[in-house]
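Here is a short tour for anyone who likes to see how helices and strands fit together. Have the model open and follow along.

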Amino acid sequence: MKHLYDHLCRYDADAWSQALDMLSANIAEVDRDATRIWFAFYPLKLAHAFAGADTPDDRVAIARKLGLMGRWGLEDRIDSSHRFLYGHRYWPQVKAAIEATTAMPTPLGALVTHVAEQASAASRAPRDLVLGLSAVGLMTLRQVGVDAFAAAPGRVTTDGADGATPASILKVRNREESQGVFGFLRGIRKQWTVTFNEHDPSARFTAIQDQDLATAAQTDKREYRSKDPRCIPHEGPIPVECRAASCGTCWVGVLGGAGRLTPVEPHEAARMKVFGYAESVVGTRPLIRLACQAKVEGAVSIVIPPWNGIIGRLS
């Protein structure tokens, strides 16, 4: 695996982005956006910054410079960072395929495809369902190194969503929620469901039409701080420190319903570039948003990253 790791070190962030562009159409729809979100959550440039740290004090200094909060990096979540991908259920086969890889086809997209083909044969799953996860797995190896990758047990996180199919997940993500037969007569504003963990049926809160995600999440008074210390007690599952796109704490990935959030305004786009969460905002309804700025116009499924910071300072 050392040779594979050395081979992966030849590719910079632009090469990975180009590979994703090439592979995107061949990744199963259920994981197409999820794969992009994962790569936004675990950027190579952040890993590069810490790779250059010689001592623990250096790492602390880097974290302070970037204002990092939460749990960044992949070393302690090699088996779990990609849980929000449907392909996660095939992680044992994908990890084994990566560890057994001796062929080093170029370009990078060809290498990802080769791993996916081996994992597909082992799992008997269609290649498109493991293609995104194969890219994720190779990037994980690139960031954590051979020893940490090999030491990870390669287990799948089991839960109640294991019986879901790609079609059933997409159906839920694309649902058009009814307001009831007489909803328009009650004079109330439309209400929409926001899902923040597709594996947990209780991981939902309600947003009123044109309410931003962060404010809507605040109505969820359950206790989340024990799971994520960034959360304010009894103010919902989305970490927030401000309401004006000043802190960047509330960034989220949009798994389903990106078109049901209001378009990105210039202020949000500018702040996203400052934070470095997106090198540029692609389109008016991208997959990475600031929850305090994105207003809800329909049912949405999001995933909350485990960290935040201002990695734009690395540029």
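This report looks at a helix pair, then a helix with buried residues, then a strand and its partners. Please keep in mind that the model is predicted.

**A helix pair.** Let's begin with helix α7 (residues 108-123) and helix α8 (residues 127-144), whose axes come within 8 Å and cross at roughly 125°. Angles over 145 degrees would count as roughly antiparallel and 65 to 115 as roughly perpendicular, so α7 and α8 are oblique to each other. Their crossing is right-handed. On the α7 side, the residues in contact include Leu 111, Val 115 and Ala 119, while α8 contributes, among them, Arg 127, Leu 131 and Leu 138. Sorted by class, this contact of α7 with α8 has 9 nonpolar, 4 polar and 2 charged residues.

**A helix with buried residues.** Helix α8 turns up again around helix α4 (residues 44-51). In α4, Leu 44, Leu 46, Ala 49 and Phe 50 are buried. These buried residues pack against α8, and also against α2 (13-23), α5 (56-65) and β7 (307-308).

**A strand and its partners.** Strand β6 (residues 300-303) has Val 300 and Ile 302 pointing one way and Ser 301 and Val 303 the other, and all are buried. In a regular strand, side chains alternate between the two faces of the sheet. The table shows how β6 pairs.

| Partner of β6 | Sense | Bridges | A facing pair |
|---|---|---|---|
| β2 (residues 191-195) | parallel | 2 bridges | Val 194 and Val 300 |
| β4 (residues 251-256) | antiparallel | 3 bridges | Gly 253 and Val 303 |

Conventions: Residues are numbered from 1 along each chain as its sequence is written. This is a predicted model: local features need pLDDT of at least 70, side-chain atom pairs count only at pLDDT 80 or more; totals for chains, interfaces and linings use all residues. Side-chain values use heavy atoms; hydrogens and water are left out. Axes are lines fitted to C-alpha atoms, for helices over the stretch in contact, and angles run from 0 to 180 degrees between N-to-C directions. Helices (H or I, at least four residues) and strands (E, at least two) are DSSP runs, numbered from the N terminus. Angles under 35 degrees count as roughly parallel, over 145 as roughly antiparallel, 65 to 115 as roughly perpendicular and the rest as oblique. A crossing is left-handed if the near helix is turned anticlockwise from the far one by less than a right angle, and right-handed if clockwise. Contact means heavy atoms within 4.5 Å. Ala, Val, Leu, Ile, Met, Phe, Trp, Tyr, Cys and Pro count as nonpolar, Asp, Glu, Lys and Arg as charged, and the others, Gly among them, as polar. Buried means under 20% relative accessible area, exposed over 50%, partly exposed in between (1.4 Å probe, protein chains only). Two strands pair if DSSP finds at least two bridges between them.
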